[in-house]
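Thanks for making room for this; I would like to walk through how some helices pack in one model, and I will keep to what can be read from its coordinates.

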Amino acid sequence: MVERIEDLNLPNTAVTRLIKEAVPPEVKVSAECRLAIARATSVFILYLTAAATTAAQRKNHKSLTADHVFGGLEEIEFESFIQPLKNELETYRKMIKSKKEKKIPKPDNDTTVEGAVIDLENLAEQPSNEQTVQAEVLE
């Protein structure tokens, strides 16, 4: 747990950047306003985390996932946030997948690669009917 309430606040630079993106350029935002928004944001995150934790516990899960967060948003009656967040999550996942695919070298028709290591984490994520093993070449 945190020792001081101030430890729960988001960094001022992040809050300032978000505020600048949300308001017209001619609007001035006071330091007191930035502080209030930072604290309100922290309270919202704590509230949502508590709701997501409840959703996870109902399913006897010990780890929070995006689905638990969506359930938490529904529980705290922020249903209008769910679909936009799902869209952003899908975009993020596609970006991460694209980056991973660029890192993994595609072997030619050769099925053996000298000095290869089997990536067990990615292997576990593959469907069970897939018989291929992705190998990452150590450099």
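Let me begin with H3 and helix H4 (residues 79-103), whose axes come within 9 Å and cross at roughly 165°; the axes are lines fitted to C-alpha atoms, for helices over the stretch in contact, and the angles run from 0 to 180 degrees between N-to-C directions. Since angles over 145 degrees count as roughly antiparallel, under 35 as roughly parallel, 65 to 115 as roughly perpendicular and the rest as oblique, that makes H3 roughly antiparallel to H4. Ala66, Phe70, Leu73 and Glu74 in H3 meet Glu79, Phe81, Ile82, Leu85, Lys86, Leu89 and Arg93 in H4, where contact means heavy atoms within 4.5 Å. By class, the residues of this contact are seven nonpolar, no polar and four charged, with Ala, Val, Leu, Ile, Met, Phe, Trp, Tyr, Cys and Pro counted as nonpolar, Asp, Glu, Lys and Arg as charged, and the others, Gly among them, as polar.

I should say that this is a predicted model, in which local features need pLDDT of at least 70 and side-chain atom pairs count only at pLDDT 80 or more, while totals for chains, interfaces and linings use all residues. Residues are numbered from 1 along each chain as its sequence is written, and side-chain values use heavy atoms, with hydrogens and water left out. The helices are DSSP runs (H or I, at least four residues), numbered from the N terminus.

Turning to the other partner of H3, helix H2 (residues 31-58) has 28 residues and reaches 41 Å from its first C-alpha to its last, close to the 40 Å expected at 1.5 Å a residue, the expected span being 1.5 Å times one less than the number of residues. H2 and H3 pack at an angle of about 110°, with their axes 7 Å apart, and that makes H2 roughly perpendicular to H3. The contact of H2 with H3 has eight nonpolar, three polar and two charged residues.

Finally, is His68, in helix H3 (residues 66-75), buried or exposed? His68 is buried, with a relative accessible area of 3%, where buried means under 20%, exposed over 50% and partly exposed in between, using a 1.4 Å probe and protein chains only. Leaving aside neighbours within four places in sequence, His68 is in contact with Ala52, Ala55, Ala56, Lys59, His61 and Ser63. Ala52, Ala55 and Ala56 are also among the buried residues of H2, and the buried residues of H2 pack against helix H1 (12-22) and H3.

Terms used:
Helix = DSSP H or I, 4+ residues; strand = E, 2+ residues; numbered from the N terminus.
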